[in-house]
Amino acid sequence: MATKPEVGDAVVAAESNRFLIAQWDSRQLFDLLADNLGGDRLDSQALDIIKVPSAGGKQWQVPGSDEDIMARELEGVVIHSHAARAYWPLPYGEGSGGPPDCASADGVTGVGSPGGHCFGCSWNNYGTSESGRGKACAESRMVYLLTPDRLIPLIIRVPAASVGAWKQYVVRLITEGRHLAQTITRFTLVEEKNATGLKYSRVQPQRSGDLNEAETASVSEYTERIRPYLRTGFAAAEGLPELPEFPDAPEGEPAEENAPVAATAAAEGETA
């Protein structure tokens, strides 16, 4: 049975223990995971997914064991991310407002109608959206954020209107020679308006610091061991893609992906 290590058993010095995982021996931590799961897998369906609020909200709603917590920012280390896609045949406000006709948990293979390989799908092309600018099939990004106070990462669902800002942030880190998994990233929300004047919230990631040497070692070992649990999109039994759970298209949020990264910031705000 796994138990929390005493202070003297911490794997790094006290001044380096900004992250809770750094206070745990890796073996003990994953024994705890195995004990609590009782043999089940820890996959992305079991993790807390943080969704962007509607109508220009500027606070994140973070699930807790007792009650949800409202926070103006989320901060931690991104240990994993992958694309996800969803296609609604009718624009927001029309139809049943239910789940998408087609969805992809890994951004590669769609389940539903039309289904199949995402990169060859006609709805995955710019110019197919209702506005004629973006994609009819909206791409989001599932970002796995390990915060200082948690042993298991949260998932931030970065919606279509914010994917461009996310990609730009990642490219800037590359330009500066920084590794995403060694960078402390802060996520805030900025109020924007779409082409019809409806408010929506845009995700704004920014670097707020770096891990120290001891934290880098702890996070690196943790990431290597937990990442296989976080791979999503395929059901091992049948070898078929799983249908991901997608919310309704948020009110006011542009239901399409931004133009490529090379587009100007001003152009990004004009999606509808």
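# Pockets, salt bridges and strands in a predicted model

The second largest pocket has a volume of about 340 Å³. The structure is a predicted model.

Visitor: Which elements give two or more residues to the lining of the second largest pocket?

Guide: The lining of this pocket is made up of 17 residues, and those nearest its centre are Val-62, Pro-63, Ile-69, Asp-149 and Arg-150. The elements that contribute two or more residues are strand E3 (69-71) and strand E4 (74-87).

Visitor: How do the residues of the lining of the second largest pocket divide into nonpolar, polar and charged?

Guide: Among the residues nearest the centre of the second largest pocket are Val-62 and Asp-149. Over the whole lining of that pocket the classes are seven nonpolar, three polar and seven charged.

Visitor: How many residues apart are Arg-18 and Glu-215, the pair that links distant parts of the chain?

Guide: The side chains of Arg-18 and Glu-215 form a salt bridge, with N to O at 2.6 Å. Arg-18 sits in the segment before helix H1 (26-37), while Glu-215 belongs to helix H3 (residues 213-230). Along the chain the two are 197 residues apart.

Visitor: Is Glu-215 buried or exposed?

Guide: Its salt-bridge partner Arg-18 is partly exposed, because its relative accessibility is 43%. Glu-215 has a relative accessibility of 1%. The cut-off for burial is under 20%, so Glu-215 counts as buried.

Visitor: Which residue forms a salt bridge with Lys-199?

Guide: Lys-199 is partly exposed, at 38% relative accessibility. Its partner is also classed as partly exposed, with a relative accessible area of 34%. The closest N and O atoms of the pair are 3.7 Å apart, and the partner of Lys-199 is Glu-191.

Visitor: In which strand is Arg-202, the partner of Glu-192?

Guide: Glu-192 and Arg-202 meet through their side chains in a salt bridge of 2.9 Å, N to O. Glu-192 is in strand E10 (residues 183-193), and the two residues are ten residues apart. Arg-202 is in strand E11 (residues 199-210).

Visitor: Why does Arg-202 count as buried, and Glu-192 as partly exposed?

Guide: Buried means under 20% relative accessible area, and partly exposed lies between that and over 50%. Glu-192 has a relative accessible area of 22%, so Glu-192 is partly exposed. Arg-202 counts as buried because its relative accessibility is 16%.

Visitor: How many salt bridges does the count come to?

Guide: Some of the residues involved form a network: Glu-176, Arg-178, Arg-207 and Asp-210 are linked by salt bridges. Another pair is Lys-199 with Glu-191. The count comes to eleven salt bridges.

Visitor: How many of the ten residues of strand E8 are buried?

Guide: E8 covers residues 137-146 and is described as mostly covered. E8 runs antiparallel to E4, to which ten bridges join it. E8 also pairs with strand E9 (residues 154-158) in the antiparallel sense, over five bridges. Of the residues of E8, the number buried is nine.

Visitor: Which residue in E9 stands opposite Leu-145?

Guide: On the pairing with E4, Val-77 has Leu-146 in E8 as its bridge partner. On the pairing of E8 with E9, the residue opposite Leu-145 is Leu-154.

Visitor: Which side chain is joined to that of Lys-135 by a polar contact?

Guide: Lys-135 lies in the loop between strand E7 (116-117) and E8. Lys-135 counts as buried because its relative accessibility is 8%. The polar contact is 3.2 Å, and the side chain it reaches is that of Asn-124.

Visitor: Which element gives the largest share of the lining of the second largest cavity?

Guide: This cavity holds about 100 Å³ of space. Its lining has 14 residues, with Cys-102, Gly-110, Cys-118, Cys-121 and Cys-137 nearest the centre. The elements giving two or more residues are E4, strand E5 (102-104) and E7. The largest share, three residues, comes from E5.

Visitor: What distance separates the C-alpha atoms of Asp-48 and Ile-156?

Guide: Asp-48 lies in the loop between H1 and strand E1 (49-51). Asp-48 is partly exposed, with a relative accessible area of 26%. Asp-48 and Ile-156 are 108 residues apart along the chain, and their C-alpha atoms are separated by 8.6 Å.

How values were computed. Residues are numbered from 1 along each chain as its sequence is written. This is a predicted model: local features need pLDDT of at least 70, side-chain atom pairs count only at pLDDT 80 or more; totals for chains, interfaces and linings use all residues. Side-chain values use heavy atoms; hydrogens and water are left out. On a 1 Å grid over the protein atoms alone, a cavity is a set of points where a 1.4 Å probe fits but cannot get out, and a pocket is an open set with protein on both sides within 12 Å along at least five of seven lines; lining residues have an atom within 4 Å of a point. Grid points are joined across faces, edges and corners, and a volume is the space filled by probe spheres set on the points. Helices (H or I, at least four residues) and strands (E, at least two) are DSSP runs, numbered from the N terminus. Ala, Val, Leu, Ile, Met, Phe, Trp, Tyr, Cys and Pro count as nonpolar, Asp, Glu, Lys and Arg as charged, and the others, Gly among them, as polar. A salt bridge is a side-chain nitrogen of Lys or Arg within 4 Å of a carboxyl oxygen of Asp or Glu. Buried means under 20% relative accessible area, exposed over 50%, partly exposed in between (1.4 Å probe, protein chains only). Two strands pair if DSSP finds at least two bridges between them. A polar contact is a pair of N or O atoms within 3.5 Å; within protein, one must be able to donate a hydrogen and the other to accept it, and residues adjacent in sequence count only if both atoms are side-chain atoms.
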